[in-house]
Amino acid sequence: MRIDILTIFPEIFAGPFDHSIIKRAKNKGLAEILIHNIRDYSRDKHRRVDDYAYGHGAGMVMAIQPIADLIDKLRGERDYDEVIFLTPDGQLFDQPTANRLSTFQNIILLCGHYKGIDERLREHYITLEISIGDYVLSGGELAAAVVTDSIVRLIPGVLGDETSALSDSFQDDLLSPPVYTRPADYNGWKVPEILLSGNEKAIYQWSMEKAIEKTKTRRPDLLKGFE
Ligand code: 6GU
């Protein structure tokens, strides 16, 4: 899968994709993540990418030309399954959306700033608008990093068996059960007996009960249609 990220702050992406699972996905050739600086496509002599909003109030709007030229260039090179705009007024991002995006070959993630982007870009270029939650970030970059992380880990072959199999059976609709590692007794704080029993069936049942119990108290909304 190839992910093209369009931003005016490419430096933000120096860190988040160079560790752990995403790094492994890139090294295995399963994910390619390309960062593009929108400013490089400005035809303005001062490399400006924004301008005053028509009509009302203060605040700058990201202009059409640099973003349109960049997307036109990319679309001339390959087909894209979705051109996604990260914006607080987009649809709420969730696991089913992550699952769907992870099946694609090529996607574009456009990071917004200021008061937003010229509405005509949304009408003519954007195919999907995503928000990562009901709070305001100063730009779409961190949201793009969140979306990228959640979809890259789902690409077949990225996660090893040890991370995928067991937890994913709970993952979509239930919160995870508690987990423990050695020592079995830490200054009197003991690991639940059943986990030391070696009885796989009983352990699975215990974990499932704990997951349901936790979901009931913390996120009862997730259990709709489960009981
Ligand atoms: Cl995608 N962008 C911004 N700026 N704020 C957000 C967001 C996105 N999702 C939640 N808050």
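D118 is buried in this predicted model, with a relative accessible area of 17%. Its partner in a salt bridge is R120, and the closest N and O atoms of the pair are 2.8 Å apart. R120 itself counts as partly exposed, because its relative accessibility is 46%. So this salt bridge pairs a buried acid with a partly exposed base.

Other charged pairs are worth a look while you are here. The whole structure holds 14 salt bridges, and some of them share partners: K73, E77 and R78 are joined in this way into one network. Within that network, the side chains of E77 and K73 meet with an N to O distance of 3.3 Å. Both residues belong to helix α2, which covers residues 64–77, and they sit four residues apart, about one turn of the helix. Why does that spacing suit a pair of side chains? An α-helix has 3.6 residues a turn, so residues three or four places apart point the same way. E77 is partly exposed at 43% relative accessible area, and K73 is partly exposed too, at 36%.

Now turn to K26 and D18, whose side chains form another salt bridge, 3.1 Å from N to O. K26 counts as partly exposed at 29% relative accessibility, and D18 is partly exposed at 35%. Helix α1 spans residues 20–27, and S20 is found in it. The backbone of S20 deserves a glance: its phi is near 55 degrees, a positive value in a residue other than glycine. With 57% relative accessibility, S20 counts as exposed.

The ligand comes next. Its surroundings include L86, T87, P88, I130, S131, I132, G133 and Y135, and also L137, G139 and A143. Strand β5 (82–92) and strand β7 (128–131) each supply at least two residues of this shell, and β5 gives the most, with three. Which polar atoms approach the nitrogen atoms of the ligand? A polar backbone atom of I132 is 3.0 Å from one ligand nitrogen atom, and a backbone N or O atom of L137 also lies 3.0 Å from a nitrogen atom of the ligand. From the side chain of S131, an N or O atom is 3.4 Å from a ligand nitrogen. Taken alone, the ligand exposes 290 Å², and the protein buries 96% of that.

A143, one of the residues around the ligand, is also among the buried residues of helix α5. This helix runs over residues 141–152. At 1.5 Å a residue, its twelve residues should span 16 Å, and the end C-alpha atoms are indeed 16 Å apart. Nine of the twelve residues are buried, so α5 is largely enclosed by the rest of the structure. L142, however, counts as exposed, because its relative accessibility is 54%. Together with F9, I12, Y135 and L137, L142 makes a nonpolar surface patch of about 450 Å². Y135 and L137 thus appear in the patch and also around the ligand.

Finally, follow the chain to the loop between α6 (161–171) and β8 (185–186), where P183 is found. The peptide bond from R182 to P183 is cis, with omega near 5 degrees. Further along, N187 has its place in the loop between β8 and β9 (189–190). N187 has a positive phi, near 45 degrees, in a residue other than glycine, and it counts as exposed at 70% relative accessibility.

Terms used: Residues are numbered from 1 along each chain as its sequence is written. This is a predicted model: local features need pLDDT of at least 70, side-chain atom pairs count only at pLDDT 80 or more; totals for chains, interfaces and linings use all residues. Side-chain values use heavy atoms; hydrogens and water are left out. Patches are made of residues with over 30% relative accessible area and no salt bridge: like charges are joined within 9 Å, nonpolar side chains (Val, Leu, Ile, Met, Phe, Trp, Tyr) within 5 Å. Accessible areas come from the Shrake-Rupley method with a 1.4 Å probe; for residues, only the protein chains shown count as cover. A salt bridge is a side-chain nitrogen of Lys or Arg within 4 Å of a carboxyl oxygen of Asp or Glu. Buried means under 20% relative accessible area, exposed over 50%, partly exposed in between (1.4 Å probe, protein chains only). The expected span of a helix is 1.5 Å times one less than its number of residues. A residue is near a molecule or strand if one of its heavy atoms lies within 4 Å of it. A polar contact is a pair of N or O atoms within 3.5 Å; within protein, one must be able to donate a hydrogen and the other to accept it, and residues adjacent in sequence count only if both atoms are side-chain atoms.
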